Amino acid sequence: MAALRIVMFGPPGAGKGTQAKRIAEVYGLPHISTGDIFRDHLSRGTELGGQVRQHLDAGRLVPDELTCSVVAGRLSEADCANGFILDGFPRSLPQAEMLGTHLAGQGHALDLVVNIDVPDEEIVERLSARRTCAVCGAIFNRKFDPPAGDGARCDRPGCSGELVQRKDDQEETIRERLSVYHETTEPIIEYYGNQSVLKSIAGSGATPDRVFADIRAILGAGKAG
Ligand code: AP5
């Protein structure tokens, strides 16, 4: 299969992680979530974890310089040679420019930026009900995608991990994340629109299966264009 370099884009709670996990599985690509990387460092108490904690807790962006160095390091790993799915990066114009420069330096470019469109009020409802498996990282939703059983444990095969709520999924922090998105991240839509790699899909009123079918249709149709 040809290499695929994909960015999952959209507001917090649009379903980027949900879809990135599915694409990663079907297309055999590494799923790189900057939020997951930061949360992993936080939980392990590393130096990087200490540097990002206050930003994550407040729902604000980690400074570009720090985020870009983390992503550049990750993209240089061997498993990214044949493509990747970036989830949560880039989130500012300087980050988008860094990514373009990094890929150009390797003779590559992005194939596709998938923009999942969901209105703010639906996001607040979704994120307030999100639960994540503390063991395997599966994402659930108490309202829209509950696990089987009593709803307290992961129902993925071989896993029964505890389902936990992210600290930044409190309403006040969700609204701050949305405001950061509109101010700093949303302008990237125009940046990628000008490069003809952007595809927008409706993430509202559509099940995760429906959204995934739309993404597969785009990939099957030969990426963006
Ligand atoms: P990050 O972890 O990236 O959070 P986010 O972008 O705010 O995105 P989320 O993970 O909240 O949502 P998602 O779009 O993945 O949705 P999901 O699939 O879970 O970042 C966290 C923090 O890290 C940032 O605030 C910042 O501090 C820092 N950070 C990260 N990257 C950074 C960067 N590049 N620069 C600087 N700082 C950075 O779905 C949400 C819920 O909806 C789930 O419950 C799911 O089950 C449900 N759902 C999914 N699809 C559907 C559907 N179609 N219908 C109904 N429900 C659905």
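The following paragraphs describe the ligand site of a predicted model and two buried residues, Ser 92 and Val 71. In this predicted model, local features need pLDDT of at least 70, side-chain atom pairs count only at pLDDT 80 or more, and totals for chains, interfaces and linings use all residues. Residues are numbered from 1 along each chain as its sequence is written, and side-chain values use heavy atoms, with hydrogens and water left out.

The ligand has 37 residues around it. A residue counts as near when one of its heavy atoms lies within 4 Å of the molecule. Thr 18, Arg 60, Arg 91, Arg 130 and Arg 177 come nearest. By class, the shell holds 15 nonpolar, 13 polar and nine charged residues. Here Ala, Val, Leu, Ile, Met, Phe, Trp, Tyr, Cys and Pro count as nonpolar, Asp, Glu, Lys and Arg as charged, and the others, Gly among them, as polar.

Several elements supply at least two shell residues each. These are helix 1 (16–27), helix 2 (34–44), helix 3 (47–58), helix 6 (120–128), strand 6 (139–141) and helix 9 (208–220). Helix 2 gives the most, with four residues. Helices (H or I, at least four residues) and strands (E, at least two) are DSSP runs, numbered from the N terminus.

Polar atoms of the protein approach the ligand at several points. A polar backbone atom of Gly 88 is 2.8 Å from a ligand nitrogen atom. A polar side-chain atom of Arg 166 lies 3.0 Å from a ligand oxygen atom. For Pro 208, a polar backbone atom is 3.4 Å from a ligand nitrogen atom. The ligand on its own has 1,000 Å² of accessible area, and the protein covers 97% of it. Accessible areas come from the Shrake-Rupley method with a 1.4 Å probe.

Ser 92 lies in the loop between strand 3 (83–87) and helix 5 (93–105). Ser 92 is buried, with a relative accessible area of 3%. Buried means under 20% relative accessible area (1.4 Å probe, protein chains only). The side chains of Ser 92 and Asp 64 are joined by a polar contact of 3.0 Å. Such a contact is a pair of N or O atoms within 3.5 Å; within protein, one must be able to donate a hydrogen and the other to accept it. Neighbours within four places in sequence aside, Ser 92 is in contact (heavy atoms within 4.5 Å) with Asp 64, Thr 184 and Ile 188.

Val 71 sits in helix 4 (residues 64–75). Val 71 is also buried, at a relative accessible area of 1%. With neighbours within four places in sequence left aside, Val 71 is in contact with Thr 34, Leu 86 and Phe 89.

Note on methods
Buried < 20%, exposed > 50% of the residue type's maximum accessible area, 1.4 Å probe, protein only.
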